[in-house]
Amino acid sequence: MKKCSLILLVLIVTGSLQAKTKVVNLRCEYMVQPLGIDVPQPRLSWEIQATKSFIQTGYQIRIASREELVREGNCDWISDKVLSKQNVVPYTGDNALLSHHTYYWNVTVWDQNGRSYRSSIARFETAKMKIADWKGRWISDSRDKFYSPAPMFRKSFQVTKTVKQARMYVSGVGYYKLYIDGKKVGNHILDPGYTHYNKRNLYATYDVGPLLKPGENVLSAVLGNGFFNMQSVAVWNFDAAVWRNRPQMIGELHIEYADGQKQVVVTDSSWRTITGPYLYNSLYSGDTYDARLELEGWRLAGFDDSKWLQTQEVSAPAPILESQVMPAICIKKEIHPVSVKVFSKKLYVFDMGENFSGICQICLKGKAGTRITLKHGELIDSTGRVDQSNISIHFHANENRNPQPKIDSNDHFQTDTYILNGKGVETFMPDFTYHGFQYVEVESSEPITLSTKNLCAFFIHSDVTPVGQFSCSNSLLNKIWKATNQSYLSNLESIPTDCPQREKNGWTADAWLSMDAGLLSFDGIKVYEKWVNDMVDNQQQNGAISGIIPSSEWGFGDGFGPVWTSVLFMVPNTLDRYYGDMTAIRKIYPTCERYLKFAGSYEKDGLIDTGLGDWVYYKTTTSTTFTSSCFYYLQNKLMAQFAVKLGRNATPYLNKAIQLKDAINKRFFDPDLAIYDQGSQTAQSTALYVGIVPDGYEQKVAARLCESVKATNHHLDFGMIGSKCVPAMLTKYGYVEDAYQMISQETTPSWGAWIKGRGMTTLPEVWVINPGVVKDASLNHIFLGDVSAWMNNALAGINFDDQNKGFRHIIIHPHFVKDLSWVKGSYRSVNGLIRSEWEKKGNLVLLKVEIPANTTATVIIGKSFEIGSGRHSFAIDLNR
């Protein structure tokens with residue numbers, strides 16, 4: 001092991017975090033002033049900004065139905081003074097929260113000296129606290145699931161008085177687009193989030209008071225298919241899903257007038273329905289819209305809908321309808337083309353300059369009936385045309401399992417179609433699909449004139465809040481970090497996905513392997529907690545879960561193995577590590593119990609030999625039995641930890657973990673050579689990562705790992721498992737310089753080869769990119785992106801303490817690698833901002849650390865130093 005010779009010269013506390021101690025950032029269910037809360041014990045949280053080292057010793061929460069009652073102390077509930085450092089706590093009042101109700105709250109905290117500090121007043125609003133609160137009915141039209149045109153609905157109603165406030169509660173599966181008097185409700189797109197539609201559906205709550213006007217108003221909606229009614233055929237068989245049905249919706253508009261009177265407009269058979277210009281929509285292929293079929297004014301008051309049909313009240317698609325309390329998918333960035341290649345007046349190819357998940361908007365003029373197609377892809381061929389060969393392999397456009405023909409449909413992969421009405425400048429943007437792309441090929445049936453001004457695109461993803469930053473003196477690493485975030489967001493579309501073009505599936509291993517990188521940059525707890533519900537809904541009666549979640553009936557059994565099924569344990573455990581919140585662990589525990597019983601049936605000689613293993617490895621393979629058994633061991637080890645946390649019996653899982661550890665070492669470990677399996681980079685690092693290495697051998701195993709990296713001239717030789725384990729284990733055991741050399745390589749195989757050699761703006765799926773040869777290789781995958789977590793963990797040195805979850809105690813352990821002159825990293829934890837920055841000045845390294853109030857930290861720079869909250873500076877002599 002390489003010994004650290006750093007000598008601390010100076011430790012300076014350089015000042016306060018804030019001019020005055022404050023209790024700030026009050027949130028309910030990790031959201032600010034949320035609407036739509038429907039859990040009986042919502043979690044309330046806060047941060048503390050302090051002038052000096054501050055430790056919270058107690059708190060007291062007040063909740064009332066009016067703001068002035070909180071100030072007066074005349075509250076519905078006042079908690080006891082709880083002696084605790086916790087700043088995320090559930091509502092535990094005796095009175096159940098009421099539906100459709102606004103609650104105001106604040107918190108008083110006490111510091112280590114007994115001084116108290118009271119927050120300002122925050123609010124949250126409940127929605128449907130129980131399913132019986134719903135008065136609206138699920139509605140659809142009379143068509144079946146094979147009918148392609150999208151159903152349209154409208155309902156007129158009167159607003160008779162001055163409106164105080166109004167709320168809209170709505171769900172539509174697969175997707176809805178809702179309007180009041182022609183104005184779109186909210187900024188959500190592709191809403192609601194994707195679920196197992198026969199188990200659970202989500203609804204949203206909107207403040208729609210500003211959209212209402214005196215007199216006649218109109219509610220209108222168009223419904224899209226999404227995964228609920230998949231029209232396209234692909235290998236995952238969503239077109240045959242057990243939940244598949246014609247799109248349907250449910251909604252309630254609650255109006256409260258200034259005089260206290262209330263009015264409720266609900267979905268029922270009184271609504272009117274028709275189909276129109278929305279001819280076809282599919283997530284895999286795209287939207288087809290015929291502007292010649294538009295019904296002018298149908299979303300507005302005064303429109304004659306007497307020839308429309310009566311809607312049908314239908315059964316609820318699932319027994320659970322709950323509030324969508326995660327960030328919705330939204331448009332987050334407008335992107336303009338960097339160039340356009342003109343092949344003819346009928347064919348143009350636009351280069352957007354970056355790869356991303358999104359949709360295009362085109363503005364143009366032309367003759368009525370002119371057919372415009374927008375074909376999206378990540379590559380162009382030698383002639384400059386869009387090449388989809390790397391992403392379209394699993395899509396079967398020529399297969400049509402629908403008994404009825406599609407009406408003027410477009411069943412081509414990642415291709416939207418617009419048919420002009422010829423009435424001046426027309427604008428088209430698809431409503432019910434999204435694509436992964438950098439290039440857009442626009443083809444017209446008639447000559448048209450286009451330039452870069454005619455087309456733009458929108459980057460869409462779940463609207464998670466940024467919480468982390470990283471930068472350093474090596475611009476290549478900065479570009480890798482940026483590309484990782486671009487891929488992460490491109491693959492966060494109400495679930496964590498593998499890629500935004502070919503599949504859009506929630507591949508389980510992809511998600512947990514990239515979770516640290518994601519959470520160090522974005523506040524993702526609500527997306528992952530929603531996905532934990534999907535895991536619960538996914539499990540079959542025998543305990544099996546599928547390799548993609550959600551899934552209808554595809555991907556169950558033993559084909560993917562414990563590396564993939566570890567998602568049940570890794571996601572809840574990671575949420576606990578980052579947020580100090582065991583909600584997901586409590587939710588998933590029964591699912592994990594059933595799964596482990598199922599997994600045991602696949603054991604052979606005490607090990608598991610099925611699964612995908614170190615997927616997309618470069619050259620050297622690692623035994624699948626080894627990797628599957630290692631992660632099966634980790635599952636049992638984590639399950640034992642869960643059991644202890646929840647007061648359950650951990651003994652069976654501890655015993656199983658011991659048996660597995662012994663069996664793995666007996667079969668795969670050579671103690672004389674200190675190698676596992678054949679000594680691959682993945683095998684050595686995985687053994688260290690999951691903790692199966694016998695006591696006293698860890699450093700020897702790590703040394704063999706480092707030797708294997710040096711043997712490839714500091715190039716990686718692993719797949720997705722190694723991408724997470726190798727850099728972290730090299731660093732942990734003293735070989736950070738070797739990890740850095742590997743990560744900063746610019747030749748294949750490396751992250752740098754993608755970025756510098758190929759100009760990628762996202763992370764590809766494979767190390768070697770051969771367009772036209774590799775037919776199944778997305779250029780926007782996230783599962784090799786843990787390298788960005790390594791940057792903040794190892795270089796900036798920001799780490800959680802596994803013994804003090806939720807960054808209650810922080811480990812600051814930066815590594816001053818030779819090639820870097822400066823590093824800056826930050827992470828806004830649930831307690832507040834953590835910052836670590838260092839810069840070399842001659843023989844000195846100047847390190848600046850910021851620790852949030854109500855936490856402590858250990859700074860490791862050769863020696864360890866315990867510090868409290870505040871800003872701290874260190875100077876280290878590199879020559880001593």
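# A walk around the rings, loops and helices

Start by selecting Lys-128 and Trp-134: the lysine lies over the face of the tryptophan, 4.8 Å from the ring centre. Keep in mind throughout that this is a predicted model.

For a second view of a charge above a ring, go to Lys-504 and Tyr-434. Here the charged end of Lys-504 sits over the ring of Tyr-434, at 4.8 Å from its centre.

**Zoom out**

Now show the whole protein chain as a cartoon. How many helices and strands are there? The secondary structure comes to 16 helices and 49 strands. The radius of gyration is 28 Å, close to the 29 Å that the globule rule gives for 880 residues, so the chain is as compact as a globular protein of that length. Turn the view along the principal axes and the C-alpha atoms fill a box of roughly 85 × 75 × 55 Å.

Switch on a surface if you like. The accessible surface of the protein chain is about 32,200 Å², and carbon and sulfur atoms hold 48% of that. Of the 880 residues, 62% count as buried. If you draw contacts with a separation of 6 or more, 75% of them come from residues 24 or more positions apart.

Colour by pLDDT next. The average for the protein chain is 95, and 96% of the residues score at least 70. Then select residues 1–8, where pLDDT stays under 50. For that stretch the model has 27 contacts beyond four places in sequence.

**Aromatic pairs**

Back to the rings. A search of the whole structure finds 46 aromatic pairs. One of them is Trp-77 with Tyr-91, an edge-to-face pair with 5.0 Å centre to centre and 80 degrees between the planes. This pair links distant parts of the chain, 14 residues apart: Trp-77 is in strand β5 (residues 77–78), and Tyr-91 is in the loop between β6 (88–90) and β7 (102–110). Are these two rings buried or exposed? Trp-77 is buried, with a relative accessible area of 13%, and Tyr-91 is buried too, at 6%.

Jump to Phe-800 and Phe-807 for another edge-to-face pair, this one 6.1 Å centre to centre with 85 degrees between the planes. Phe-800 has 21% relative accessibility and counts as partly exposed because the cut-off for buried is under 20%. Phe-807, on the other hand, is buried at 1%.

Next, pick a whole group: Tyr-194, Tyr-197, Phe-227, Phe-228, Trp-236, Phe-238, Trp-243 and Tyr-284. Ring pairs link these residues into a cluster.

**Backbone oddities**

Hide the side chains and look at the peptide bonds. Asp-191 and Pro-192 are joined by a cis peptide bond, with omega about 5 degrees. You'll find Pro-192 in the loop between β14 (183–184) and β15 (200–207).

Another cis bond joins Thr-748 and Pro-749, where omega is about 0 degrees. Pro-749 lies in the loop between α14 (736–743) and α15 (751–758). Remember α14, as the tour ends there.

Two stops for positive phi come next. Tyr-30 is not a glycine, yet its phi is positive, about 65 degrees. Look for Tyr-30 in the loop between β2 (22–28) and β3 (43–49); the residue counts as buried, at 6% relative accessibility.

Then select Asp-677, another residue other than glycine with a positive phi, near 50 degrees. The loop between β41 (675–676) and α11 (681–690) holds Asp-677. With a relative accessible area of 17%, Asp-677 is buried.

**Last stop: α14**

Finish by selecting α14. How many of its eight residues are buried? Seven of the eight are, and the helix is mostly covered. Show Val-736, Glu-737, Asp-738, Ala-739, Tyr-740, Met-742 and Ile-743 as sticks: these are the buried residues of α14.

What covers the buried residues of α14? Bring up its surroundings and the cover includes α2 (475–490), α12 (698–711), α13 (720–732), α15 and α16 (787–796). From here you can follow the chain into the loop between α14 and α15, where Pro-749 lies, and back to the cis bond with Thr-748.

Methods
Residues are numbered from 1 along each chain as its sequence is written. Side-chain values use heavy atoms; hydrogens and water are left out. Rings of Phe, Tyr and Trp (its six-membered ring) pair if their centres lie within 6.5 Å; planes under 30 degrees apart count as stacked, over 60 as edge-to-face and the rest as tilted. Helices (H or I, at least four residues) and strands (E, at least two) are DSSP runs, numbered from the N terminus. Buried means under 20% relative accessible area, exposed over 50%, partly exposed in between (1.4 Å probe, protein chains only). A charge sits over a ring if NZ of Lys or CZ of Arg is within 6 Å of the ring centre and within 35 degrees of the ring normal. The radius of gyration is taken over C-alpha atoms; the globule rule is 2.2 Å times the number of residues to the power 0.38. Contact means heavy atoms within 4.5 Å. Accessible areas come from the Shrake-Rupley method with a 1.4 Å probe; for residues, only the protein chains shown count as cover. pLDDT is the predictor's confidence in each residue, from 0 to 100.
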